[in-house]
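Thanks for coming. I have one structure to go through today, so please have a look at it on the screen before I start talking.

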Amino acid sequence: GGFISGADLKMITYDESELGNVDTPVVTTKIMVKLQLRLPWNPVLAWPWGVRHEFDRETCQITVHEESWNVSAKEGLAQCFRPA
């Protein structure tokens, strides 16, 4: 095994849109991430994870990738020390 003993991902939102007048396809998602760590007290880390992609219409390649994590560093660290 690895450091993660369990994982659960659930889609919260999924949105397809266009960026302004430039006709750039945009896909935005928010996923609830839960990870159980392989530590003696089995802590569970959980947070909403946002991802935004812009695509080039001609090549169908991703031109922009932005992530957001809706948890502060302090809260993330505190989750490591809470038993499941």
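I will go through the strand pairing and the aromatic rings, then the nonpolar residues, the salt bridges and two backbone angles.

First, a caution: this is a predicted model.

Let me start with strands β3 and β4. They run antiparallel, and seven bridges join them. One of the bridge partnerships is between W49 and W69, with W69 on the β4 side. The hairpin formed by β3 and β4 has six residues between the strands. I will come back to one of those residues later.

Now the rings. How many aromatic pairs are there? The count is three. I will describe two of them.

The first is W47 with W69. Their ring centres are 5.6 Å apart and the planes are at 55 degrees, so this pair is tilted. W47 is in strand β3 and W69 is in β4, which covers residues 62–69, so the pair ties together parts 22 residues apart in sequence. W47 has a relative accessibility of 13%, so W47 counts as buried. W69 is partly exposed, at 42% relative accessible area.

The second is W49 with W69. Here the centres are 5.3 Å apart and the planes are at 15 degrees, so the pair is stacked. W49 is in β3 and W69 in β4, so this contact ties together parts that are 20 residues apart in sequence. W49 comes out as partly exposed, at 22% relative accessibility. The cut-off for buried is under 20%, so W49 with its 22% does not qualify.

Taken together, ring pairs link W47, W49 and W69 into a cluster.

Next, the nonpolar core. Which residues make up the largest nonpolar core? There are six: I31, V33, L35, L37, L45 and W47. Both β2 and β3 supply at least two residues each. The largest share is from β2, with four residues. Note that W47 is on the core list and is also a member of the ring cluster. As general background, nonpolar side chains tend to be buried together in soluble globular proteins.

There is also nonpolar material on the outside. W41, L77 and F81 make a nonpolar surface patch of about 350 Å². W41 sits in the loop between β2, residues 24–37, and β3, residues 44–55. Why can W41 be part of a patch? Patch residues need over 30% relative accessible area, and W41 has 35%, which makes it partly exposed.

On to the charges. Side chains of opposite charge can pair when their charged atoms come close. In the whole structure there are six salt bridges, and I will take three of them.

D8 pairs with K10, with the closest N and O atoms 3.4 Å apart. D8 is partly exposed, at 32% relative accessibility.

E18 pairs with R57, at 2.9 Å from N to O. E18 is in strand β1, residues 4–19, while R57 is in the loop between β3 and β4, so this salt bridge ties together parts 39 residues apart in sequence. Both ends are partly exposed: E18 has a relative accessible area of 43%, and R57 has a relative accessibility of 44%. This pair does not stand by itself, as E18, D23 and R57 are linked in a network of salt bridges.

R52 pairs with E66, and the closest N and O atoms are 3.4 Å apart. R52 is in β3 and E66 in β4, 14 residues apart, so here too distant parts of the chain are linked. E66 is partly exposed, with 41% relative accessible area.

Last, two backbone angles. Most residues other than glycine have a negative phi. Where in the chain is N42, which has a positive phi near 50 degrees? N42 is in the loop between β2 and β3, and at 33% relative accessibility it is partly exposed.

The other is C60, the hairpin residue I promised to come back to. C60 has a positive phi near 60 degrees and lies in the loop between β3 and β4. Is C60 buried or exposed? C60 is exposed, at 63% relative accessibility.

That is what I have. I am happy to take questions.

Terms used. Residues numbered from 1 in each chain as written. Predicted model: local features only at pLDDT ≥ 70, side-chain atom pairs only at ≥ 80, totals over all residues. Heavy atoms only, no water. Patch = residues over 30% accessible without salt bridge, like charges linked within 9 Å, V, L, I, M, F, W, Y side chains within 5 Å. Areas by Shrake-Rupley, 256 points an atom, 1.4 Å probe, with all protein chains shown as cover. Salt bridge = Lys/Arg side-chain N within 4 Å of Asp/Glu carboxyl O. Buried < 20%, exposed > 50% of the residue type's maximum accessible area, 1.4 Å probe, protein only. Phe/Tyr/Trp six-rings, centres within 6.5 Å; stacked < 30°, edge-to-face > 60°. Pairing = 2+ DSSP bridges. Core = buried A, V, L, I, M, F, W, Y, C linked by side-chain atoms within 4.5 Å.
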